[in-house]
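Trainee: Could we go through this structure together, one question at a time? I would like to see how each answer is reasoned out.

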Amino acid sequence: MTSSQPLDMTLSRVFGEVAETYHAARPGYPDALIAEVLSYASLTGPAGLPAVEVGAGTGKATLPFAALGTPMLCLEPDPRMADVLRRNAAAFPDVRVEVASFEDWRPDGTRFGLLLAATSWHWTDPATRWPRVHDALAPGGAVALFWNPMSVVDPALHAALAEVDRRHGLTLSPHAGLVSSYGDTPGHWPGMLGHWPDEECRRDGRFTDLRSLRIPERARYDTDRYLGHLSSISLYRALPDDLRDHVLADTAAVLDAHGGGIDIEHLHDLFLARRA
Ligand SMILES: C[S@@+](CC[C@H](N)C(=O)[O-])C[C@H]1O[C@@H](n2cnc3c(N)ncnc32)[C@H](O)[C@@H]1O
């Protein structure tokens, strides 16, 4: 993945400001991805151990794993996100929610069969995260890190949205990329933040069987949902309220002039590794 701008870590706790909108508007993860993770985790992994999820948010990834019977401990540092998660996961007695960052969490000797992070790994501390993963997993336990960036299908709409972003000085919005500008390698997201985990994981040296997988998925967002999605993104949360309102109104006008929504392609990119 190209890393063109350092991540502002002070924005790691803004999602709870709009927790309900986040859950309603953000995309989830396809069944095929969940199945890949579970199949990989049970290949040689320690059967019967629970999963730990880092940065579970409102449960967009938790719920499909829980629905397939995965016992889970969900770590979420923002109590407002954790409240929504608890409510969403109320039907699953094997899902526990702990209000903690990955850095503050103490596993207290418990070992897990799977550690997963959905669109949250980039908010954890690069200096300590791999030793923490290693210590949390039983030997043979799996790591699954995934993201779902999007790209725009229609070049004319892409150009019109780019003009709005330019006018307001926004870079790296979710619609900054056109479908055709993405390569087909997982983690290659032009201009996006962070680093694909492959290199860091290799450097740690205690993980094996590294794999990367991409599952593309087309979707249509109507204007309201897309605005909700944007307002849950850290880039937009960081804007002063009046500027954010302005940007969203201009974006809505463009979407409405292009059929009342946006066709996008999600790139569900999955990284897998196993504690040796
Ligand atoms: C973009 S959201 C992803 C939420 C959810 N996993 C999803 O896929 O929708 C990032 C989440 O990571 C959480 N987070 C931020 N820093 C974290 C950290 N250091 N450790 C664990 N979670 C963190 C945020 O509170 C937020 O809920």
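Mentor: Let us begin with a term we shall need: two strands pair if DSSP finds at least two bridges between them. Keep in mind also that this is a predicted model.

Trainee: Which residue of β5 does A117 stand opposite?

Mentor: Strand β4, residues 112-118, is joined to β5 by six bridges, and the two strands run parallel. Pairing asks for at least two bridges, and A117 has its place within this pairing, where the residue of β5 standing opposite is L145.

Trainee: How many of the eleven residues of strand β5 are buried?

Mentor: Strand β5 covers residues 137-147, and it is largely enclosed by the rest of the structure because so many of its residues are buried. Of the eleven, the number buried is eight.

Trainee: Which residues point the other way from M72 and C74 in strand β2?

Mentor: In a regular strand the side chains alternate between the two faces of the sheet. In strand β2, residues 72-75, M72 and C74 point one way, and all four residues of this list are buried, including the two that point the other way, L73 and L75.

Trainee: Which residue stands opposite C74 in β2?

Mentor: Strand β1, residues 51-54, runs parallel to β2, and four bridges join them. Within this pairing, the residue opposite C74 is E53.

Trainee: Is α8 roughly parallel or roughly antiparallel to α10?

Mentor: Two packed helices are described by the angle between their axes and the distance between the axes. The axes of α8, residues 223-231, and α10, residues 241-257, come within 10 Å and cross at roughly 150 degrees. Angles over 145 degrees count as roughly antiparallel, and therefore α8 is, relative to α10, roughly antiparallel.

Trainee: How many residues of the contact of α8 with α10 are nonpolar, polar and charged?

Mentor: From α8 come T223, Y226, L227, L230 and S231, which meet L248, T251, A252, L255 and D256 in α10. Divided by class, these residues are six nonpolar, three polar and one charged.

Trainee: In which direction, left-handed or right-handed, does α6 pass α10?

Mentor: Helix α6, residues 155-167, packs with α10 at an angle of about 165 degrees, their axes being 10 Å apart. That angle makes α6 roughly antiparallel to α10. The contact is made by A160, L161 and V164 of α6 together with V247, D250, T251 and V254 of α10. As for the crossing in which α6 passes α10, it is right-handed.

Methods:
Residues numbered from 1 in each chain as written. Predicted model: local features only at pLDDT ≥ 70, side-chain atom pairs only at ≥ 80, totals over all residues. Axes fitted to C-alpha atoms, helices over the stretch in contact; angles between N-to-C directions. Parallel < 35°, antiparallel > 145°, perpendicular 65-115°, else oblique. Contact = placed C-beta atoms within 7 Å. Nonpolar A, V, L, I, M, F, W, Y, C, P; charged D, E, K, R; others polar. Buried ≥ 20, exposed ≤ 12 C-beta atoms within 10 Å, placed from the backbone. Left-handed = near helix turned anticlockwise from the far one by under 90°.
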